[in-house]
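I opened this notebook page to record, step by step, what I looked up in the structure below. The entries follow the order in which I looked.

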Number of protein chains: 2
Amino acid sequence: MVAAQQAKRRAGRPPSAVLGPAHITKAALKLIEQDGYKGLTMSALARRLGVAPSALYNHVASKADVLLLVEDHLMAGVDVSGFGAEPWDEAVRRWAWSYRNVFARHTPLINVIAVLPVTNAPQTVTMYEAVTAGFLDAGWPQERIIDAIVALESFIFGSAFDVTAPEDIFDTGTLAADNPLFSAAVRSRSIRNSASPGSGSAAGSSSSSSSSSSSSDSAFRLGLEALISGLRASLDPVEAKPAV
Amino acid sequence: MVAAQQAKRRAGRPPSAVLGPAHITKAALKLIEQDGYKGLTMSALARRLGVAPSALYNHVASKADVLLLVEDHLMAGVDVSGFGAEPWDEAVRRWAWSYRNVFARHTPLINVIAVLPVTNAPQTVTMYEAVTAGFLDAGWPQERIIDAIVALESFIFGSAFDVTAPEDIFDTGTLAADNPLFSAAVRSRSIRNSASPGSGSAAGSSSSSSSSSSSSDSAFRLGLEALISGLRASLDPVEAKPAV
DNA sequence: ACCTGAACACCGTTCAAGT
DNA sequence: ACCTGAACACCGTTCAAGT
């Protein structure tokens, strides 16, 4: 809506700056929402902003820069409100579910996040700061917190991909005869999922998709609960060991 | 080396088929090894095989098809030898480490794997069959096995991305002042990593990078051990519960 | 059936020229 | 400083023509 119909601009510096990081981020998000990441091209982005494609390069160095802008914006939507307010495991649950849900629709960003330094992503660092505070409160030793966060994040990113997978991804087709055990396991899983449509019981998905427990949700729940209990157990050692 | 210098071929069907899935896979792997995934283009692939780019489309429907070919080939390199021969947790460890190590250098494939059906990936299904057998042997109920595999796989894929990240990815730069807790945790982690170069103690990385415990290795170890112990604990319930 | 060669509809990015 | 417009060096894919 910004520059829908606008008097054609001549070359040369405009009286006031037309573009900015906030405008670019907003326009990119709109494009992604409409057509997915295949719709996010520098041309389409420029068109939506009412400028020539080359004008974008006065504000970003590359398309990867645009993706970083979007990523950092999304990080502000990850729910860290549990840290400092709830028990550690409950706060981690809330954080992990919202983190996965945000990036499930933005999996093309994961390549970028996992590789780019956080130096130019202030919202991202703010998110990490809140998580770190929560871990310190729960008694985690400083030097192990980053490993724990990275481990949880790796699980979350991988699980975000899983959300986008089709339900029949494990259909073995003609390979079923040669692989009976796996095929049977796949079958019994899908039966279970279709049988219990709304099994909202113990491990909840706080502030996330309330009902419709899909396959990816049940796998995420199983892994997250295992990670949480396993990480907690690694905190209080049963016997004194030489430091690792 | 296949068609390095070859007499120029005229149009029309050649006397014997020049291409095939095996040739294409091999050539693609060579290109990836040399120049990474940015070097894997249909043009480069065709050049290496001594044909015109359009000739490839007689054997694959798209570039995604080529990636599936490569993925399935790599799956044969994942070590499932522990299942049926070792205790469950040891077999999972061996499998998980080799799985991560294989795909750490092939992260662009993860988008494909996570979304494409396994119907046309026989090696992949064979891998899953071996893993399923190992879980059944360990007493896992059939209908929960796929969730457990998916959870482990999600962690593995996410961790594969982490391997490719630069060591200084968490450097907060000018943001350090506003985020002291996170910055301190990052600092103490890197000190620990540089201090203990070869801390090969308890949780081993069977058949993987023997020494040089990098940051990504320590995070992977922490998460994997937590997942294994957490999943094991979820197997034998302390008290009887209504089925979930 | 399986190849060549030309063409199509795109990409991201650069750069001189303009104000 | 910040825009336009043209150009560059690519992509993946299609298709008629050939044997």
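Entry 1, a cut-off to begin with. I call a residue buried when its relative accessible area is under 20%, and exposed when that area is over 50%. The model I am reading is a predicted one, and I keep that in mind for every value below.

Entry 2, serines of helix α8 in chain B. I looked up B:Ser188, which sits in helix α8 of chain B, and found a relative accessible area of 14%; because the cut-off for buried is under 20%, B:Ser188 counts as buried. Leaving out residues up to four places away in sequence, I find that B:Ser188 touches A:Gln142 and A:Glu143. I then turned to B:Ser183, which is also found in helix α8 of chain B and is buried, with a relative accessible area of 7%. Once neighbours within four places in sequence are set aside, B:Ser183 is in contact with B:Thr172 and B:Ala176.

Entry 3, an alanine in chain A. Is A:Ala185 buried or exposed? Its relative accessibility is 0%, so I note A:Ala185 as buried. This residue belongs to helix α8 of chain A, which spans residues 180-195. Not counting residues up to four places away in sequence, A:Ala185 touches B:Thr132, B:Gln142 and B:Ile146. I also checked A:Ala185 against A:Phe170: the two are 15 residues apart in sequence, and their C-alpha atoms are 10.0 Å apart in space.

Entry 4, the fold of chain A. I counted 9 helices and 0 strands in chain A. Of the 244 residues in chain A, 48% are buried. Among the contacts in chain A with a separation of 6 or more, 69% are between residues 24 or more positions apart.

Entry 5, the interface. The size of an interface is often given as the accessible area lost when the parts come together. For chain B and chain A, I recorded a buried area of about 5,700 Å², of which carbon and sulfur atoms give 68%. The contact takes 64 residues from chain B and 65 residues from chain A.

How many salt bridges cross the interface of chain B and chain A? I noted 4 salt bridges there; one that I looked up joins A:Arg189 to B:Asp147, with the closest N and O atoms 2.8 Å apart. For polar contact, I have a count of 16 residue pairs between chain B and chain A, both residues being at pLDDT 80 or more. On the side of chain B that touches chain A, α5 (110-115), α6 (122-137), α7 (142-164), α8 (180-195) and α9 (215-235) of chain B each supply at least two residues. The largest share of that side comes from α7(B), with 15 residues. By residue type, the side of chain B that touches chain A divides into 36 nonpolar, 20 polar and 8 charged residues.

Entry 6, symmetry. I asked what operation lays chain B on chain A, and found a turn of 180 degrees with a shift of 0.0 Å along the axis, at an RMSD of 0.0 Å. I therefore entered the relation as that of a two-fold axis. In chain B, the C-alpha nearest the axis belongs to B:Phe155 and lies 2.0 Å from it. Both copies use the same surface, since 100% of the contact residues of chain B recur in chain A.

Conventions:
Residues numbered from 1 in each chain as written. Chains lettered and ligands numbered in written order. Predicted model: local features only at pLDDT ≥ 70, side-chain atom pairs only at ≥ 80, totals over all residues. Heavy atoms only, no water. Contact = heavy atoms within 4.5 Å. Buried area = accessible area lost by both parts, 1.4 Å probe. Salt bridge = Lys/Arg side-chain N within 4 Å of Asp/Glu carboxyl O. Polar contact = N/O pair within 3.5 Å; in protein donor to acceptor, adjacent residues only side chain to side chain. Nonpolar A, V, L, I, M, F, W, Y, C, P; charged D, E, K, R; others polar. Buried < 20%, exposed > 50% of the residue type's maximum accessible area, 1.4 Å probe, protein only. Least-squares fit on C-alpha atoms with pLDDT ≥ 70 in both.
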